[in-house]
Structure formats: structure tokens, C-alpha cells
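I sat down with this structure today and kept short notes. They follow in the order in which I looked things up.

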Amino acid sequence: MFDLLNELLWGKILIVLLVGVGIGFTVTSRFVQFRYFGRMFQILGSRQAFRHDKHGHLSSFQALVLSVAGRVGGGNIAGVAVAITLGGPGAIFWMWLVGLMGMATSFLECTLAQTYKQPQSDGTYRGGPAYYIVKGLGRNWRWLAGFYSVLLLLTFGFAFTALQSYAVSTSFNDAFGVPVLYSGIALAMLVGLIIFGGIKRIARISEVLVPFMAVGYLLIALIVVGLNLERIPEVVMLIVNSAFGLEPAIGGGIGAAIMIGLQRGLFSNEAGLGSAPNVAAVAYVPHPANQGIVQAFSVFIDTLIICSSTAFLILLSGAYDPGASGNVEGIALTQSALADHVGEWGRSFVSVALLLFAFSTILYNYYLGENSLNFFSRDNQNLFNAFRVAIVLLVCWGATTNLDTVFGFADVTMGLLAVTNLVALILLFKKGLRILKDYDDQRRQGVSQPVFDASQHQDLNLYPQAWDLEPEDREHLRGSTAKAPHRPVAE
């Protein structure tokens, strides 16, 4: 049943929706992900990117690293290896394509999440697809928001959490001989210590852990690429030729390359799933498009940089023989590939990298599950504590169980999650373009840092107080908005 549903979702429906939304918004936004690529670095290099407020917002940088923590996980190490094994090297080309289109999709969904964020009883904010569906499409669509929240809980809160734990425990068992139960218990204890501290503790841990793990992994990849520089054109041509069926007997042919590339690409970068908007909504920014631009960059980091690093590690090694049978699969392939380049310590390095990636992803998955529960029952601490206990137990269970069925289930629920969110994005397309136009107009008028004035968009049913700036930020930005008197900083 799962195979049939996956073939329908991934082989037909999602190809149309992902390509349609990705290309559609890329064109109508005048290639926003490329126009504002340099702007991504300007935003992250500004003082504002590290600012909080009294309402419990995260800083823009914290929201970025938390979403990168979610995007950068087992999919970047084990998932890329699976894509190459099942779809051939050509699957990487389609992962790249999904990533480039996904940057525009991520901009749209994260901008909408910022625009429609809602206050909670404790003064903090929450947001995401469930919120922009209800507020943007109206209460008649609440059923769709509820359906999305259930799928988010099942996919990220439960299935993906178990899968990350499974990947870590099996990797440590292979590299160090550690029994999977011991790995599961240790990981569960660490996760429990952090998630009971709430979103702010998760963000603080991610702010340190994510840059450290990403830079460490990339350094190893750059060393390997540097040692094999003369073979890079050969590997690139192998990827491109395989993507269009020009290489004989690799993977499952062009159809498998496209399907697996789309599936693993979406699993890795999550653009279109609606997961990252749950975190992006909580960022403290002067304009919704600011965080949309930043979140587009997180897709680039995930797919175009880290996934590509894993792909080159594998394809430059002797561990994978295109067209041959008997290649090792999954995380073992990545471990064998790095060991082929640097020696047996590479196998251990991959296991440690996977531990850090998966650990940060589990924390991110927990927050998404909590956000989906909050949609049905706001600020119910007893419910949240029960969910936290369930996550700790799930980490233990996932480490010790054969998860073939869970993999199939997760692919189906992830596919349904993407379909639900992409349909909502299509219906909210014009409103997303409207917020981008507001940002573009201010930039054209010479405003270095556009500021969102919710009073000019009263028909959108927004919460105006969400855009009140802290006094020191109001003063800091006043100069940059002076050239646009009809868009004053919110008082």
C-alpha cells in the first residue's frame, strides 16, 4: 500500500506541484532567490539579525540555524547515499534542481509564516502553514489547517524522530561496535535535557552546534575535493549524463533518477513541506520578506553545499562503482567513501557528524510537533510535557527497531504534507507576491532596510502588534526609512 501511494504521490502529483510552485514563484517574483542572493549575506551580517525582543521572538540568525538544524540531518549524509544507490548519480542533478526551485518556495512559505504569525497567552508568537491557512484563506479552511497539523505531528514529531535515532544508532554500531540500545538511551537522555527547556534552549544549543557541525563536515569535504581536483569535471559530467539517461545501466534509469532525486531532495531541504515556516515565523525581523530571504539561503546551504559535499565524497571514492551491483548502501556507503579517502578514521568521523546532524534535527522535529499540538490546544503544558516524554521514549525505540515500515509511512505522510502545503501556497500566491512587492518598492525608493507597516494591509487580517519594534531598533532603523515617509516605523 505504501509503495502504491508513494508512486502516486512522488511519481505524479508532487512532481507537478513542486515544479509548478517552484518555477511559478521564481518567474512571478522575478527570480527572487537570485535577485536577493547577495542580500542574504547583508541581512545576516547586520546587527538586526542577532536582535531579540521582549515577546520571546528568536533572532533572525537563531531562526536560520534552527531551520538549518532541521534541514541538515540524516538526509544530507545517509539520504544522499540512498539517492545515489537507488537513482544513480543522476539523482543528485534533480536534487540540485529541487534545491534551486525550493529556494523560491521557501521564500514564499516563510514570508507568509512571518506575515500571519499569531500571539500566544504568554506573549510569545507562533506561526506556520496551519496559521497562514486559517488567517490567509479564512476559517472555512480550518479543516485543511487541522489536517496539515496532524500530518506535521505524525511526520516530524514521530516518524522522522525515530528515523534519525535509527540512523545514529546503526552508524555508531558499525563504526564503534556500540550496541544500538546504549546509543538510543544516551541520545534520549540528551534530547530530554534540552526539550524540557523549551524553544529558547533549543535555539541556544542550535546556535552553537549547527555552525560547528556544518563547517567541520564541509572542511573534510573540501579537503577531499582538493585532493581530487582534476576529477571534478568527470564527476559533474557523470551526474548530468546520468540525470538524462546518457550513462548505461546506472541506478534505475532516468525515471528513477528523477523520482528519487525529487523525493530525497525534498526530504533533505524540506522546501514546500511547510516545516521551516514554523520556525521562521518566530524570528524578530522588521519585514516578513527579510526572513523569507534568509530561509531561502538555508535551502542553498542544505542542498547546494552540504548534499553536494556528500555526493562528491561518494562519487570521488572507490566505494561506489556506477552500474555495478553489490555496492554498500545508505550511511555505510558514505562511511566507506570517506574511509577510502582518508583512512579508517573517516568511518568514525561520519558517525560523529551524523550524531550531531541527527541530534539537532531531533530537537527541531520536537518543536514542529509541539507547534502542531499548539494549534489544537494552546499552551497546554500537560499536553506538551506528555509529548516530551513520548519523544524521549521514541528516540529509544527508534534506535532498536527495524524501521522499514516507518520509512514507507514517513514517505507517504511527507508526501501528503507537501501536497497540503503546496495547495495552500498556490491559493496564497498573490498575497505572497504582495508582501514581496511591498519590500521591493521600499528598496527601489532607496530604503536600505524596509519596515513592514501592517496598517497598510488591513484586509489581510494580520496582528499589527507583531510588528512593533523595540525602541532601540526603532531608532536604529529610522534613518534607513527616512526616504519612505508613507511607510513609517510602527509606533
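The entries below go from the whole chain to single contacts.

**Entry 1: the chain.** I noted at the start that I am working with a predicted model. I looked up the secondary structure and found 20 helices and two strands. I then checked burial. Of the 491 residues in the protein chain, 61% count as buried. I also looked at contacts with a sequence separation of 6 or more. Residues 24 or more positions apart make up 82% of them.

**Entry 2: helix 1 against helix 19.** I picked helix 1, residues 2–28, and helix 19, residues 429–444. Their axes lie 11 Å apart, and the packing angle is about 35°. I looked up the handedness too: the crossing is right-handed. Which residues meet here? From helix 1 I listed Val21, Gly24, Phe25 and Thr28. Facing them from helix 19 are Phe429, Leu433 and Leu436. I sorted the residues of this contact by type: five are nonpolar, two are polar and none is charged.

**Entry 3: Met101.** I went next to helix 6, residues 90–115, where Met101 sits. Is Met101 buried or exposed? Its relative accessible area is 11%, so it is buried, the cut-off being under 20%. I then asked which residues Met101 touches, leaving out those up to four places away in sequence. The list reads Val19, Gly22 and Ile23. I also took a C-alpha to C-alpha distance from Met101 to Gly20. The two are 9.5 Å apart in space but 81 residues apart in sequence.

**Entry 4: aromatic rings.** I counted ring pairs and got 22 aromatic pairs. I took Phe297 and Phe300 as my example. Why is this pair called stacked? The ring centres are 6.2 Å apart, which falls within the 6.5 Å limit for a pair. The planes meet at 15°, and under 30 degrees counts as stacked, so the label fits. Both residues belong to helix 14, residues 288–315. They are three residues apart there, so about one helical turn separates them.

I checked the accessibility of each partner. Phe297 has a relative accessible area of 10% and is buried. Phe300 comes to 21% and counts as partly exposed. The 20% cut-off falls between these two values, so the labels of the partners differ. I then looked for further members of the group. Phe37 and Phe41 join Phe297 and Phe300 in one aromatic cluster.

**Entry 5: a charge over a ring.** My last look-up was Lys117. It lies over the face of Tyr125, at 5.8 Å from the ring centre.

How values were computed
Residues are numbered from 1 along each chain as its sequence is written. This is a predicted model: local features need pLDDT of at least 70, side-chain atom pairs count only at pLDDT 80 or more; totals for chains, interfaces and linings use all residues. Side-chain values use heavy atoms; hydrogens and water are left out. Axes are lines fitted to C-alpha atoms, for helices over the stretch in contact, and angles run from 0 to 180 degrees between N-to-C directions. Helices (H or I, at least four residues) and strands (E, at least two) are DSSP runs, numbered from the N terminus. A crossing is left-handed if the near helix is turned anticlockwise from the far one by less than a right angle, and right-handed if clockwise. Contact means heavy atoms within 4.5 Å. Ala, Val, Leu, Ile, Met, Phe, Trp, Tyr, Cys and Pro count as nonpolar, Asp, Glu, Lys and Arg as charged, and the others, Gly among them, as polar. Rings of Phe, Tyr and Trp (its six-membered ring) pair if their centres lie within 6.5 Å; planes under 30 degrees apart count as stacked, over 60 as edge-to-face and the rest as tilted. Buried means under 20% relative accessible area, exposed over 50%, partly exposed in between (1.4 Å probe, protein chains only). A charge sits over a ring if NZ of Lys or CZ of Arg is within 6 Å of the ring centre and within 35 degrees of the ring normal.
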